[in-house]
Amino acid sequence: MDLVPEVSARRATGGSDPRQSWRTPPALVRELACRYAGGSFLTDPCTDASNHLGCGVFHTEEDDGLSHYWHGSVFVNPPYSNIAPWVEKAIDDARCNRIDVIVMLLPSRTDQAWWHDLEQHAELMVPIRGRVQFLAPPGIKVSSNREPVVAWVLRRQLTARDFR
């Protein structure tokens, strides 16, 4: 079953601020899934019920994706107003081998502590050339993205016991 998205939404935290629900362009999510997740994502912890990736596992603001274990291949495009807890969760789940791969779509903010945490734990950082044009949520005026975006790839760690 192909779990390629129609559209993915960022989960708002601390309230339903529609400005935190810009949607990822479907073609970008498909490309990330093909390159880094074997063609599809199993889990989307930052979405809404009407607009998830079609993943077998997804979490909305109401059920809080940060409070659940993530599984398999995970796509994370968190609200850009509150990135740090999502990075911490991704690093923890990768370190504990709960996931196969996590692909995080984040702004290029090299001055942030979470950026440096990802540099230490991610397998790969992929800058996306140009500005990603996220899709505006209903009722929000379309505007251009002001910051560059980076895809971060974290994978479960290989251990010798996996190969016995």
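In which loop is Asp64 found? Asp64 sits in the loop between β4 (57–58) and β5. That's a handy place to start, but keep in mind that you are looking at a predicted model. The mean pLDDT of the protein chain is 84, and 86% of its residues reach 70 or more. The stretch to treat with care is residues 1–15, where the pLDDT is below 50, although this stretch still has 67 contacts in the model beyond near neighbours in sequence.

Back to Asp64. Its phi is positive, about 55°, even though Asp64 is not a glycine. With a relative accessible area of 25%, Asp64 counts as partly exposed, because buried would need a value under 20% and exposed one over 50%. Asn97 tells a similar story: this residue isn't a glycine either, and its phi is positive at about 60°. You'll find Asn97 in the loop between α2 and β6, and its relative accessible area of 25% makes it partly exposed.

Now to the inside of the protein. In soluble globular proteins, nonpolar side chains tend to be buried together. Here, the largest nonpolar core has 43 residues. Which of them touch the most other members? They are Leu32, Phe41, Ile102, Met104, Leu105 and Leu118. Two or more core residues come from each of α1 (26–36), β5 (72–76), α2 (84–95), β6 (99–107), α3 (113–121), β7 (124–128) and β8 (149–155). The largest share is from β6, which gives 7 residues.

Leu32 is a good one to click on if you want to see how the core is knit together. Once you leave aside its neighbours within four places in sequence, Leu32 is in contact with Ala37, Phe41, Phe75, Val103, Leu105 and Ala151. Two of those partners, Phe41 and Leu105, are also among the core members with the most contacts to other members.

Next, take α2. Does its length agree or disagree with what you'd expect for a helix? At 1.5 Å a residue, its 12 residues should span 16 Å, and the end C-alpha atoms are 16 Å apart, so the two agree. The buried residues of α2 are Trp86, Val87, Lys89, Ala90, Ile91, Asp93 and Ala94; note that Lys89 and Asp93 are on that list. Among the elements covering these buried residues are β5, β6, α3 and β8. After the helix comes Asn97, the residue with the positive phi we met above.

What about α3? In this helix, Trp114, Trp115 and Leu118 are buried. They cover an arc of only 105° around the axis, so they lie on the same side of α3. Turn to the face pointing away from that buried side and you meet the exposed residues Ala113 and Gln120. The cover over the buried residues of α3 includes α2, β6, β7 and β8. So α2 and α3 each appear in the other's cover, because each has heavy atoms within 4.5 Å of the other's buried residues.

The tryptophans deserve a closer look. How many aromatic pairs does the structure hold? There are 5. One of them is Trp70 with Trp86, a stacked pair at 6.2 Å centre to centre with 20° between the planes. This pair links distant parts of the chain, with Trp70 in the loop between β4 and β5 and Trp86 in helix α2, 16 residues apart. Trp70 is buried, with a relative accessible area of 0%, and Trp86 is buried too, also at 0%.

Another pair, Trp115 with Trp152, is edge-to-face: 4.8 Å centre to centre, 85° between the planes. Here helix α3 supplies Trp115 and strand β8 supplies Trp152, 37 residues apart. Both of these tryptophans are buried, and together with Trp114 they form one aromatic cluster.

Finally, a stop on the outside. Ala49 is in the loop between β3 (43–44) and β4, and its relative accessible area of 57% makes it exposed. Even so, Ala49 has partners beyond its neighbours within four places in sequence: Phe58 and Thr60. Between those two in the numbering lies His59, which is 10 residues from Ala49 in sequence and 7.9 Å away in space, C-alpha to C-alpha.

Methods. Residues are numbered from 1 along each chain as its sequence is written. This is a predicted model: local features need pLDDT of at least 70, side-chain atom pairs count only at pLDDT 80 or more; totals for chains, interfaces and linings use all residues. Side-chain values use heavy atoms; hydrogens and water are left out. A nonpolar core is a set of buried Ala, Val, Leu, Ile, Met, Phe, Trp, Tyr and Cys residues joined through side-chain atoms within 4.5 Å. Buried means under 20% relative accessible area, exposed over 50%, partly exposed in between (1.4 Å probe, protein chains only). Helices (H or I, at least four residues) and strands (E, at least two) are DSSP runs, numbered from the N terminus. The expected span of a helix is 1.5 Å times one less than its number of residues. pLDDT is the predictor's confidence in each residue, from 0 to 100. The arc is that of the directions from the helix axis to the C-beta atoms. Rings of Phe, Tyr and Trp (its six-membered ring) pair if their centres lie within 6.5 Å; planes under 30 degrees apart count as stacked, over 60 as edge-to-face and the rest as tilted.
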